[in-house]
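Dear colleague,

I am handing over the structure we spoke about, so that you can look at it alongside my notes. Please open it first and then read on.

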Amino acid sequence: MLDESYEVTRTDEEWRALLTPEQYQVMRRHGTERPGSCALLHEKRRGVFSCAGCGQKLFASGDKFESGTGWPSYGAPLEGSVGITEDRSYGMVRTEVHCARCGSHLGHVFPDGPPPTGLRYCINGVALDFEPED
C-alpha cells in the first residue's frame, strides 16, 4: 500500500476479515470493480458516501452526477477527506484517489467533470457505504 501513516491502520489479516474479497481487491490492492456492477451507481437519495474501510465521510450526494462511465462520479470530495497520488500503472499517468483516514484506494480523478470544479472523481462503489439523510 502507501508508505504514509494514517489515523486508521490495520494488518493485512484485519483488512481481509473486514472487507469482502472484492472490496479487498479494490481498496487494498488498487483493483477496479466491473463498470455498472455496484448498486450505489444508481443511488439518488440525499446523504453521504463514506469509506467502507473506516467510515470516513467522503462525498455528499449533492456532488454526485451521472457520468455514463459505469462508476459513481462526484464533482468534489468533502474537505480533507481524500488524498491523491500519481498512478503510473497500465502504461499511463492518472491521479489516484485514496481515503485520507485509512489510505484505502477509492478510484481516480479526471479533469473532464462538470462545472464548477471541472473534475470527475470516478470512485469504485464497493469502496463506499451510503448513509441516507433522515
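**What was found**

Read along the sequence, the protein follows the pattern α-α-β-β-β-β-β-β-β-β-β, which comes to two helices and nine strands. Please keep in mind while reading that this is a predicted model.

**Overall form**

The C-alpha atoms fill a box of roughly 40 × 40 × 30 Å when it is taken along the principal axes. A compact globule with 134 residues would have a radius of gyration near 14 Å, and the protein, at 14 Å, agrees with this. Of the 134 residues, 47% count as buried, and among the contacts with a separation of 6 or more, 55% are between residues 24 or more positions apart. The accessible surface comes to about 7,300 Å², and carbon and sulfur atoms account for 50% of it. As for charge, there are 14 positive and 20 negative side chains, and the centres of these two sets lie 4 Å apart.

**Helix α2 and the core**

Helix α2 covers residues 21-29, and within it Q23, Y24, V26, M27 and R28 are buried. The buried residues of this helix pack against α1 (12-18), β1 (47-51) and β7 (105-110).

The largest nonpolar core has 27 residues, and those with the most contacts inside it are L58, F59, L106, Y121 and I123. At least two residues of this core come from each of α2, β1, β2 (57-60), β6 (94-99), β7, β8 (120-123) and β9 (128-132), while the largest share, three residues, is supplied by α2.

If you would like one residue to begin with, you could choose L58: leaving aside residues up to four places away in sequence, L58 touches V48, F49, S50, C51, P77, L78, S81, V82, C99, L106 and L128.

**Residues in the loops**

Is N124, which lies in the loop between β8 and β9, buried or exposed? N124 counts as buried because its relative accessibility is 3%, and the cut-off for buried is under 20% relative accessible area. Not counting residues up to four places away in sequence, N124 touches V26, G31, T32, E33, W71, H105, L106 and G107. One of these, V26, is among the buried residues of α2, and another, L106, is one of the residues with the most contacts inside the largest nonpolar core.

The loop between α2 and β1 holds two histidines that you may want to look at in turn, H30 and H42. H30 comes just after α2, and its phi is near 60 degrees, which is a positive value in a residue other than glycine. With a relative accessible area of 31%, H30 is partly exposed, whereas H42, with a relative accessible area of 53%, is exposed. The C-alpha atom of H42 is separated by 8.6 Å from that of E66, although these two residues are 24 residues apart along the chain.

Finally, please look at the loop between β7 and β8, where P116 lies. P115 and P116 are joined by a cis peptide bond, with an omega of about 10 degrees.

With best wishes

Methods:
Residues are numbered from 1 along each chain as its sequence is written. This is a predicted model: local features need pLDDT of at least 70, side-chain atom pairs count only at pLDDT 80 or more; totals for chains, interfaces and linings use all residues. Side-chain values use heavy atoms; hydrogens and water are left out. Helices (H or I, at least four residues) and strands (E, at least two) are DSSP runs, numbered from the N terminus. The radius of gyration is taken over C-alpha atoms; the globule rule is 2.2 Å times the number of residues to the power 0.38. Buried means under 20% relative accessible area, exposed over 50%, partly exposed in between (1.4 Å probe, protein chains only). Contact means heavy atoms within 4.5 Å. Accessible areas come from the Shrake-Rupley method with a 1.4 Å probe; for residues, only the protein chains shown count as cover. Lys and Arg count as positive and Asp and Glu as negative; His and the chain ends are not counted. The place of a charge is taken as NZ of Lys, CZ of Arg, CG of Asp or CD of Glu. A nonpolar core is a set of buried Ala, Val, Leu, Ile, Met, Phe, Trp, Tyr and Cys residues joined through side-chain atoms within 4.5 Å.
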